[in-house]
Amino acid sequence: MGATGATGNALLHSLLTLGAPVRALTRTPHKPIPGTTAAHQPPVEVQYADAADPRSLRTAFKGASQLFLAMANSPAQVELETRVIDIAAHTGIGHIVKVSTPAAEPDSPVAISRGHHAIEEHLRASGVAHTVLRPYAFMQNLLRLAPTVAQGIILGTTGDAPCNYIDCRDIADVAAAALTSPGIAGGTYTLTGPEAISYPELASRLTTLTGNQVRYVNLAPDELRDHLIRNAHMPTWLADHVTEIQQLAVARPEIPTTTVIDVLGRPPRTLDAFLHEHHAPFRRQGAA
Ligand SMILES: NC(=O)c1ccc[n+]([C@@H]2O[C@H](COP(=O)([O-])OP(=O)(O)OC[C@H]3O[C@@H](n4cnc5c(N)ncnc54)[C@H](OP(=O)(O)O)[C@@H]3O)[C@@H](O)[C@H]2O)c1
């Protein structure tokens, strides 16, 4: 599931590269799945599935032995994911790989993380074998900062606190390993890149990368939340989520794990490599 999303789409490519049979689920099967073409050999099997439509899940899961479950954040996430787990259990799926979050705790200060805890509990109670991936912030999220970075500013509330980032392609490779290697399936994996860096350090690296001065402006949590709602037009629940996540990073300094190298036998992708690969959107318009 989530074959059009950040981790699911990267996983689709990892599985296709491994030659593993895969069915890509989406609510919009008429649209091309990013990175695939009609000429793909063997053709990618694409099927309609909406977690809000139980019948579509029963049809989509038929004949499948394993399920990758990554669901966009929303206020309905717990209801949707627990329904997916129930239907997967009833249709005979034998292993679920779920994308969760590091602070998946019942009393987490981050509402979405409390939701992930509830979903993980539901998964454990389902009796289906499962692997839980708990990645820190995706490097790919940083692309959403590009419009303000191109204006020379990064806004946040984390001060000098170090933050972990991971490239979605590494999450996908760990998911692919869990789906294809019995020795890896069944674990709970907290996933990070090789280093944790602060926003001021990120601003400094973007300054070097783009040749434009990028400065970090530290806001109070309420100021960031207001900015996200008024200027970035985020729904309130998402602005709350971003603010809560940043406050958690201040309360609990983030430290990289060695999980990616332990599981894959190679180091995780670096933030510098990611920024270099995606430098264009961070540059000011008209800059070389
Ligand atoms: N972003 C981060 O930094 C971060 C960090 C840690 C954990 N996480 C967790 O990662 C998860 C998100 O993963 P992601 O970024 O790969 O997802 P994403 O890019 O937000 O996309 C997720 C997918 O959800 C699917 N989806 C949404 N509603 C659906 C529904 N009703 N039925 C079926 N599919 C539905 C969409 O598929 P279609 O639109 O094609 O149907 C989309 O492909 C979240 O649970 C989040 O908490 C994220």
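**View 1. Helices α8 and α9 cross in a predicted model.** In this predicted model, helix α8, spanning residues 221–230, and helix α9, spanning residues 236–251, have axes that come within 9 Å and cross at roughly 145 degrees. The crossing in which α8 passes α9 is right-handed. On the α8 side the contact is formed by Pro221, Leu224, Arg225, Leu228 and Ile229, and on the α9 side by Thr236, Ala239, Asp240, Val242, Thr243, Gln246 and Gln247. Sorted by class, the residues of this contact comprise six nonpolar, four polar and two charged.

**View 2. Helix α1 packs against helix α6 at an oblique angle.** The axes of α1 (residues 6–18) and α6 (residues 168–180) come within 8 Å, and the angle at which they cross is roughly 55 degrees. Because of that angle, α1 is oblique to α6, and the crossing of the two helices is right-handed. From α1, the residues Ala6, Thr7, Ala10, Leu11, Ser14, Leu15 and Leu18 take part in the contact, and they meet Cys168, Arg169, Ile171, Ala172, Asp173, Ala175, Ala176, Leu179 and Thr180 of α6. By class, 11 nonpolar residues contribute to the contact of α1 with α6, together with three polar and two charged residues.

**View 3. A parallel open sheet is built from strands β3, β4, β5 and β9.** The four strands of this open sheet follow the order β3-β4-β5-β9, and their pairing is parallel. The edges are occupied by β3 (66–69) and β9 (188–191), each of which has a single partner strand, so that one side of each is left without a neighbour in the sheet. From one strand to the next, the twist averages 15 degrees. Between β3 and strand β4 (residues 95–99), the parallel pairing extends over four bridges, and His95 in β4 is the bridge partner of Gln66. Helix α3, made up of residues 77–90, lies across β3 and β4 and runs at about 175 degrees to β3.

**View 4. Helices α3 and α4 lie roughly parallel to each other.** The packing angle between α3 and α4 is about 15 degrees, and their axes are 9 Å apart. The two helices are therefore roughly parallel to each other, with α3 passing α4 in a right-handed crossing. The α3 residues in this contact are Gln77, Val78, Glu81, Thr82, Ile85 and Asp86, which meet Ile112, Gly115, His116, Ala118, Ile119, His122, Leu123 and Ser126 of α4. By class, the contact of α3 with α4 has six nonpolar and six polar residues, along with two charged ones.

**View 5. Arg124 and Glu120 form a salt bridge within helix α4.** The side chains of Arg124 and Glu120 meet in this salt bridge, for which the N to O distance is 3.4 Å. Both residues belong to helix α4 (residues 111–126), where Arg124 and Glu120 are four residues apart, about one turn of the helix. In the model, the count of salt bridges comes to 17.

**View 6. Strands β6, β8 and β10 make an open sheet with mixed pairing.** The order of the three strands in this sheet is β6-β8-β10. At its edges stand β6 (137–138) and β10 (196–197), each with a single partner strand, so one side of each has no neighbour in the sheet. Strand β8 (residues 163–166) and β10 run antiparallel and are joined by two bridges. Cys163 has Ile197 in β10 as its bridge partner.

Methods: Residues numbered from 1 in each chain as written. Predicted model: local features only at pLDDT ≥ 70, side-chain atom pairs only at ≥ 80, totals over all residues. Heavy atoms only, no water. Axes fitted to C-alpha atoms, helices over the stretch in contact; angles between N-to-C directions. Parallel < 35°, antiparallel > 145°, perpendicular 65-115°, else oblique. Left-handed = near helix turned anticlockwise from the far one by under 90°. Contact = heavy atoms within 4.5 Å. Nonpolar A, V, L, I, M, F, W, Y, C, P; charged D, E, K, R; others polar. Pairing = 2+ DSSP bridges. Salt bridge = Lys/Arg side-chain N within 4 Å of Asp/Glu carboxyl O.
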